[in-house]
Amino acid sequence: MLAGKPECIATQYTSSNTHREGKTLEMDYQTPTSAEDAAGLLSKDGAHVLAGGTDLLVKLRAGMVAPKLVVDLKDVPRLRGIENDSQGWRVGAATPCAEIGEHAAFAAAWPGVVESLELIGSTQIQGRATLGGNLCNASPAADTVPALIAAGAVCEVVGVKGQREVPVEQIVTAPGQNSLARGEFVLGFRLPNPPARAGDAYLRFIPRTEMDIAVVGAGVALALDAKGVCTHARVGLGAVAPTPLLVGDGAKALIGTKVDGGALKALAAAASAACNPIDDKRGTVAYRIKVAGVLARRAAGIAYERATSRK
Amino acid sequence: MNDMIIPDLVERELKVVGTRPLRPDGMDKVTGRAKFGADMHVPNMLIGRVLRSPHAHARIKSIDASKARALKGVKAVITADALCDLPSEFVPAGEMMVNFRDITRNVMARDKALYEGHAVAAVAATSDAVAAQALSLIEVDYEVLPHVIDVEKAMQPDAPLLHDDMYTIGADPKPEKPSNIAKRVEFGFGDLDAGFAKADVVVEREFTTKPVHQGYIEPHACLASVSEDGQAELWCTTQGQFIVRAFCAKLLGMEVSQLRVTASEIGGGFGGKTVVYLEPLALALSREACQPVKMVMSRTEVFQASGPTSGAKLWIKVGATKDGTVTAADALLKYQAGAFQGSPVQPGAMCAFAPYELENVRVIGFDVVVNRPKVAAYRAPGGPIAEFAVESVMDEVALKINMDPVDFRLKNAAKEGTRAPYGPKLGPIGLVQTLQAARAHEHYAAPLKANQGRGVASGFWFNIGGETCASLNVGEDGSVAMVVGTPDIGGSRASLSMMAAEELGIPLEHVHPIIGDTSSLGFNFLTGGSRVTFSSGMAIVQAAREVIEILRDRAAKLWEVPMEEVEWVDGHARFTGSGEAKSLSLVELAKTAGKTGGPIIGNAAINATGAGPSLATHLVDVEVDPETGAVKILRYTAIQDAGKAVHPSYVEGQMQGGAVQGIGWALNEEYIYDDKGRLENPGFLDYRIPVCSDVPMIDTVIVEVPNPNHPYGVRGVGETPIVPPMGAIANAVSHATGVRFTDLPMSPPRVLDAIDSNQAT
């Protein structure tokens with residue numbers, strides 16, 4: 001326990017009847033109120049970070065993890081909330097997705113990011129789920145990550161040695177692994193103010209209509225000049241490689257074009273070429289490669305529509 | 001057929017039957033008060049857990065539970081020795097047959113574990129955590145054996161053998177060597193060669209289907225308590241408390257009257273809760289511990305160790321003349337049984353071609369064991385698998401002769417007097433009426449756009465009757481307690497109460513239904529085979545007529561007139577003789593019952609026969625995304641003969657539920673195994689039953705062709721609705737894409753692959 005922090009209550013939990021794997025857990029739970037304290041606690045052996053808990057609690061119940069210490073970050077200043085100024089947007093990493101989705105100005109600025117977070121789980125889950133958790137859980141299939149990559153989002157990473165800025169695409173290194181050092185966590189995300197004639201979109205494919213995990217996800221953000229020529233593009237893909245991908249060749253296929261049929265076809269080819277997927281219970285290699293191209297193309301079409309309709 | 005039950009009421013003006021009152025169990029369900037399998041808690045209760053095989057096929061060389069027994073808090077540890085080993089003896093469980101030798105081996109492995117998740121030991125401890133820890137302390141020495149999960153590979157002579165004493169039943173000559181083929185069945189008549197020779201068009205196709213789980217939301221759960229003198233009580237979620245009693249008593253070496261089984265509310269069964277899994281183990285643990293033991297399966301355990309229905313390999317050949325007459329029909333069905341014999345291949349073979357009137361027909365079926373969980377009944381067991389393939393081929397035949405698929409079916413439809421492919425002549429059935437309703441339906445003429453397709457398919461299911469008891473106890477205030485022995489899985493408390501109220505002529509609110517435990521009534525066969533509204537309804541009508549006889553007698557005594565001069569009308573005894581009009585209500589007669597002869601009750605104990613088959617025709621529109629292979633169900637209309645819809649809302653609910661389960665079966669549900677025979681998707685995330693947003697509102701049309709063997713004309717309606725969907729959807733997807741789909745599920749990767757392969761050729 002931290003001295004002088006009476007709100008930090010150590011609690012012993014033992015598994016209940018609903019805890020199917022039945023390991024007896026002796027677990028500390030801490031709610032630090034500063035980034036420094038949080039980083040210190042997270043540096044400890046066996047510490048797990050808790051934001052919305054939508055991944056951690058599931059893993060706990062399934063017996064996949066047995067944390068000695070759960071560090072609940074939600075009381076750390078600036079971890080929650082949405083801000084905007086002339087420099088751009090800042091979204092606290094533990095802001096519940098439902099809160100972001102209800103933020104009209106943010107939703108108008110980054111509709112693709114919002115549609116990605118509104119695909120997570122269900123309405124109830126979105127009341128807890130966070131962008132920081134979705135990213136740091138490091139699933140290749142996380143829905144918000146390709147959209148954030150496309151948006152050019154940058155993470156504020158805090159640790160015992162201070163703060164650094166890391167592009168979203170550099171956080172996930174392998175399934176379940178991220179590039180954060182021990183004690184580090186994501187404090188918030190910075191996104192630019194989209195220029196005039198810009199738009200973004202995210203599409204994912206699942207076999208059902210909801211309550212499923214992406215077989216393929218594709219996010220595209222682009223901007224046009226006054227003549228309708230694409231001046232800026234970023235393409236993110238999910239569930240088609242060990243990590244979410246930033247597809248540079250996809251952006252190249254769009255920039256300098258009027259996002260016409262030929263450009264979209266080239267984008268689809270680039271997206272398919274970037275894939276390095278696996279065969280699993282959710283899809284085959286061939287299927288993911290083909291559908292990645294289809295979704296990238298369709299997402300670019302939606303982003304283009306948004307860009308041209310935005311004054 | 002009971003003598004009292006005569007089809008006299010179908011023409012009668014009905015006041016309650018056919019209306020849509022609120023269900024009597026509705027309030028408890030929406031407030032959360034209803035008690036399901038896992039909701040029971042008693043003092044000193046232990047928690048039981050099961051150790052399961054991690055291997056698909058392994059010899060159990062030894063089990064050392066000494067460390068588990070020594071753990072503080074562990075009160076009982078059992079292996080197969082705690083249950084009786086039983087000789088081979090087939091008994092009915094719903095429409096399926098089970099074998100006691102196999103039941104005892106399925107609930108706890110003896111010698112060999114035959115599938116991943118097969119129970120090998122169980123513990124009861126003071127907490128779930130201690131029980132789980134105890135499981136980890138049990139040391140099982142396995143010799144892992146080669147396994148087989150594919151039905152055709154399992155039929156090969158060199159396949160790994162699950163049971164070295166299994167010789168194919170029904171094979172001629174009798175095999176000299178054991179195999180995984182448990183049984184061969186054959187039905188049919190006529191001359192196939194002559195029939196195919198007459199045909200202008202012949203379509204021959206192979207099909208595959210995957211095992212699919214019933215997907216009930218409530219996992220298996222029970223609470224058992226055995227006292228020191230051997231008396232036992234069991235609370236469990238089941239479709240048949242009397243069947244649970246029979247099976248458990250057998251496995252534990254008890255007399256049935258020592259065991260009292262109470263059925264909890266049930267959170268879905270669909271056939272999957274007609275057998276036992278945890279119940280004998282909880283009883284055995286409780287007997288050893290002399291404390292109550294509660295057991296609840298996790299979802300993973302439900303998928304690994306409780307029954308799906310069979311996956312199958314099918315071959316169908318149908319010939320027809322240009323005018324649309326089917327001249328011959330032939331089928332070969334190979335069904336996976338899971339680890340023990342008893343797939344529903346026999347009913348599947350019987351109903352494969354049952355919607356058709358045929359001169360030349362043959363169906364051969366094989367029941368094949370594989371290293372998967374033993375299949376259990378699932379809604380019209382066997383029927384949907386065979387009829388999916390047949391309806392696909394019929395659609396193709398109709399296309400080839402350029403005939404509308406509904407007209408083609410009408411031309412060949414089975415009707416009253418048709419000789420069924422399995423032998424007997426059919427009584428009155430409503431297939432023609434469902435087809436006519438389909439053709440007349442606005443849905444059938446609605447326009448379609450690009451990448452959209454419409455499919456039609458019909459379906460047949462037998463339905464059953466069986467042993468049934470019921471009692472009506474008239475209270476001193478004139479209210480009526482109705483006790484039935486069949487758990488309510490589809491609104492039967494409503495439909496049975498309605499028939500009681502209709503017969504007695506009293507308001508429905510005065511009838512209060514209870515599902516009795518095994519000590520409250522004589523033996524009842526389980527809720528299955530769409531039998532309850534039919535069979536328990538018959539029993540209720542008989543019991544009500546017995547009550548009416550007593551009430552007439554009491555009134556006659558009070559009035560000092562002959563009973564023949566008292567009639568029962570609208571809930572009143574009425575004097576019909578000459579003189580002053582006299583009338584006594586049921587309430588008035590009930591209040592004076594103590595003085596007129598004692599309590600008034602009606603009992604019935606019958607073996608209901610004469611269940612009428614229910615036939616259906618489904619229409620479905622789909623849209624296929626040609627770039628992702630995703631299939632969207634745009635519109636769905638289910639049309640079915642209910643005989644008489646006692647409570648039309650629940651008939652419609654059955655039709656809708658069956659259609660939705662069929663949509664899941666057709667599009668996404670499948671068991672995915674790794675190369676070691678381990679299930680990779682034992683959960684609802686990756687075993688994809690449809691979610692609400694996957695399905696449109698399922699439109700329904702109820703057709704009523706009365707069953708002459710039931711007082712209200714009732715046919716079972718619960719199972720038939722799952723028979724047509726797979727064929728209808730496969731036909732729709734085929735029409736939307738121009739590619740014939742023969743393998744279920746039609747999941748997006750499979751659909752996209754088929755579209756791309758077709759374009760490449």
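Contact, as used in these exercises, means heavy atoms within 4.5 Å. The structure is a predicted model.

**Exercise 1. Determine whether helix α4 of chain B is enclosed, and identify what surrounds it.**

Solution.
Step 1. Helix α4 of chain B spans residues 128-137. A residue of this helix counts as buried when its relative accessible area is under 20%.
Step 2. The residues of α4(B) that meet this criterion are B:Asp128, B:Ala129, B:Val130, B:Ala131, B:Ala132, B:Ala134 and B:Leu135.
Step 3. Because 7 of the 10 residues are buried, α4(B) is largely enclosed by the rest of the structure.
Step 4. The elements against which these buried residues pack are β1 (46-52), α2 (66-70), β3 (74-78) and β7 (119-125), which belong to chain B.

**Exercise 2. Describe how helices α11 and α12 of chain B pack, and state the character of their contact.**

Solution.
Step 1. Two packed helices are described by the angle between their axes and the distance between the axes.
Step 2. For α11 (residues 383-400) and α12 (residues 405-412) of chain B, the angle is about 110 degrees and the axes are 9 Å apart.
Step 3. Angles of 65 to 115 degrees count as roughly perpendicular, so α11(B) is roughly perpendicular to α12(B).
Step 4. On the α11(B) side, the contact is formed by B:Glu391, B:Met394, B:Asp395, B:Val397 and B:Ala398. The partners in α12(B) are B:Pro405, B:Phe408 and B:Arg409.
Step 5. Sorted by character, the residues of this contact comprise 5 nonpolar, no polar and 3 charged.
Step 6. The loop between α11 and α12 of chain B contains B:Asn402. Its phi is near 60 degrees, a positive value in a residue other than glycine. With a relative accessible area of 73%, B:Asn402 is exposed.

**Exercise 3. Assess the overall form of chain A and of chain B.**

Solution.
Step 1. Chain A contains 11 helices and 14 strands. Its radius of gyration is 20 Å, close to the 19 Å that the globule rule gives for 311 residues, so chain A is as compact as a globular protein of that length.
Step 2. Along the principal axes, the C-alpha atoms of chain A fill a box of roughly 60 × 45 × 30 Å. Buried residues constitute 53% of the chain.
Step 3. In chain A, 60% of the contacts with a separation of 6 or more involve residues 24 or more positions apart.
Step 4. Chain B contains 21 helices and 30 strands. Its radius of gyration of 27 Å agrees with the value near 27 Å for a compact globule of 761 residues.
Step 5. The C-alpha atoms of chain B fill a box of roughly 90 × 75 × 50 Å, taken along the principal axes, and 64% of its residues are buried.
Step 6. Of the contacts in chain B between residues at least 6 apart in sequence, 79% join residues at least 24 apart.

**Exercise 4. Compare the surroundings of two loop residues of chain A, A:Arg78 and A:Gly228.**

Solution.
Step 1. A:Arg78 lies in the loop between β3 (69-72) and β4 (82-85) of chain A, whereas A:Gly228 lies in the loop between β12 (216-224) and β13 (230-238) of that chain.
Step 2. The relative accessible area of A:Arg78 is 40%, which makes the residue partly exposed. A:Gly228, at 15%, counts as buried.
Step 3. Beyond neighbours within four places in sequence, A:Arg78 contacts A:Glu83, A:Arg90, A:Gly92 and A:Leu187. With the corresponding exclusion, A:Gly228 contacts A:Thr257, A:Lys258 and A:Tyr304.
Step 4. The C-alpha atoms of A:Gly228 and A:Thr308 are separated by 7.6 Å, although these residues are 80 residues apart along the chain.

**Exercise 5. Locate the cis peptide bonds preceding B:Pro173 and B:Pro745.**

Solution.
Step 1. The bond from B:Asp172 to B:Pro173 is cis, with omega near 0 degrees. B:Pro173 is situated in the loop between α5 (151-154) and β9 (181-189) of chain B.
Step 2. The bond from B:Leu744 to B:Pro745 is also cis, with omega near -5 degrees. B:Pro745 is situated in the loop between α20 (725-737) and α21 (748-760) of chain B.

Note on methods:
Residues numbered from 1 in each chain as written. Chains lettered and ligands numbered in written order. Predicted model: local features only at pLDDT ≥ 70, side-chain atom pairs only at ≥ 80, totals over all residues. Heavy atoms only, no water. Axes fitted to C-alpha atoms, helices over the stretch in contact; angles between N-to-C directions. Helix = DSSP H or I, 4+ residues; strand = E, 2+ residues; numbered from the N terminus. Parallel < 35°, antiparallel > 145°, perpendicular 65-115°, else oblique. Nonpolar A, V, L, I, M, F, W, Y, C, P; charged D, E, K, R; others polar. Rg over C-alpha atoms; globule rule 2.2 N^0.38 Å. Buried < 20%, exposed > 50% of the residue type's maximum accessible area, 1.4 Å probe, protein only.
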